[in-house]
Amino acid sequence: MDDRPISVVDTNVLLNLATPVVDGRPAAPTGADPLKALLSSYDVHVPASVVGELSTATGSGDLLSAAADLVLNASHHLTTHDVDAKIDDPLDYGLDQGESDGIWLANDLDAPLFITDEFNSTNYLFVSLALDDRNTLFTTPHVLCKLASQAILPIEYVDAAFSYYADSKQWDEQYLNQLRHKYLRD
């Protein structure tokens with residue numbers, strides 16, 4: 001039996017973890033692989049809709065497409081669930097299908113972690129309300145801090161990744177700085 005904690009993730013989390021790995025620009029952090037760190041540290045489950053969204057993101061030759069290719073190449077490390085037949089209606093809070101199915105899956109598996117990157121929007125509140133146990137909600141930056149605290153990722157890498165995401169994804173710097181001070185600095 002796998003003793004790693006079960007984690008349910010949405011599409012953007014996987015793409016955001018893969019992006020710095022495939023980004024060859026000087027601003028991208030180097031020296032670690034956050035996607036590989038997640039997949040080796042957690043028993044990662046996804047609804048089939050996430051794999052469908054990843055497949056849709058491939059083929060354009062841009063950074064997002066390269067990230068989607070990387071995740072699909074590592075998809076044998078994901079446990080995929082077909083949840084369509086089990087769900088009456090998807091949640092309707094402005095969430096996409098993968099996020100909605102992921103919330104349902106996290107509740108069904110009683111997963112200790114549901115990781116989403118909806119923290120820059122009001123959807124974060126809706127995701128929190130839809131989860132049976134609100135303590136299961138995590139973001140990619142929070143998981144990166146957790147991986148750094150367990151010495152799975154170097155603290156310097158996570159710090160550089162936060163700057164990369166703030167610049168490239170316009171993630172909330174105040175939120176990232178709070179996590180830096182709480183988890184990356186003593």
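Select S7 in strand β1 and then V44 in strand β2, because V44 is the bridge partner of S7 in β2, where strands are DSSP runs (E, at least two residues) numbered from the N terminus, as helices are (H or I, at least four residues). What you see is a predicted model, in which local features need pLDDT of at least 70 and side-chain atom pairs count only at pLDDT 80 or more, while totals for chains, interfaces and linings use all residues. Residues are numbered from 1 along each chain as its sequence is written, and side-chain values use heavy atoms, with hydrogens and water left out.**The sheet**

Keep S7 selected and add L113, which is the bridge partner of S7 in β4. Strand β1 covers residues 6-9 and pairs with β2 in the parallel sense over three bridges, and three bridges also join β1 to β4, again in parallel; two strands count as paired if DSSP finds at least two bridges between them. Another position to select in β1 is V8, whose bridge partner in β2 is H45.

Now colour the five strands that form an open sheet, in the order β3-β2-β1-β4-β5 and with parallel pairing. β3 and β5 (137-138) stand at the edges with a single partner strand each, so one side of each is left without a neighbour in the sheet. To look at one edge, select V46 and T80, since T80 is the bridge partner of V46 in β3; β3 spans residues 79-81 and is joined to β2 by three parallel bridges. For the other edge, select F114, which stands opposite L137 in β5, where two bridges join the parallel strands β4 and β5.

**Strand β2**

Select residues 43-47, which make up β2, and note that five of its five residues are buried, a word that stands for under 20% relative accessible area, with exposed meaning over 50% and partly exposed in between (1.4 Å probe, protein chains only). Both faces of this strand are covered, with D43, H45 and P47 buried on one side and V44 and V46 buried on the other.

**Helix α4**

Which residues of helix α4 are buried? Select residues 63-73 and pick out S65, A67, A68 and V71. They cover an arc of only 160° around the axis (taken from the directions from the helix axis to the C-beta atoms), which puts them on the same side of α4. What covers these buried residues includes α1 (11-22), α2 (34-41) and α3 (48-56). At the N-terminal end of α4, select D62, which caps the helix with a side-chain oxygen 3.4 Å from the backbone nitrogen of L64.

**From S65 to K86**

Return to S65 and then select K86: the two are 21 residues apart in sequence and 30 Å apart in space, C-alpha to C-alpha. K86 is placed in the loop between β3 and α5 (97-109), and K86 counts as exposed because its relative accessibility is 52%.

**The buried D117**

The last stop is D117, found in the loop between β4 (113-115) and α6 (123-130). D117 is buried yet has no salt bridge, and the nearest side chain of opposite charge, K169, is 7.8 Å away. A salt bridge here is a side-chain nitrogen of Lys or Arg within 4 Å of a carboxyl oxygen of Asp or Glu, and in counting charge Lys and Arg are positive, Asp and Glu are negative, and His and the chain ends are not counted.

With which side chains does the side chain of D117 make a polar contact? Show N16, at 2.6 Å, and T140, at 2.7 Å. A polar contact is a pair of N or O atoms within 3.5 Å; within protein, one must be able to donate a hydrogen and the other to accept it, and residues adjacent in sequence count only if both atoms are side-chain atoms. Finally, show the residues that D117 touches, among them D10, V13, P141 and W171, not counting residues up to four places away in sequence; contact means heavy atoms within 4.5 Å.
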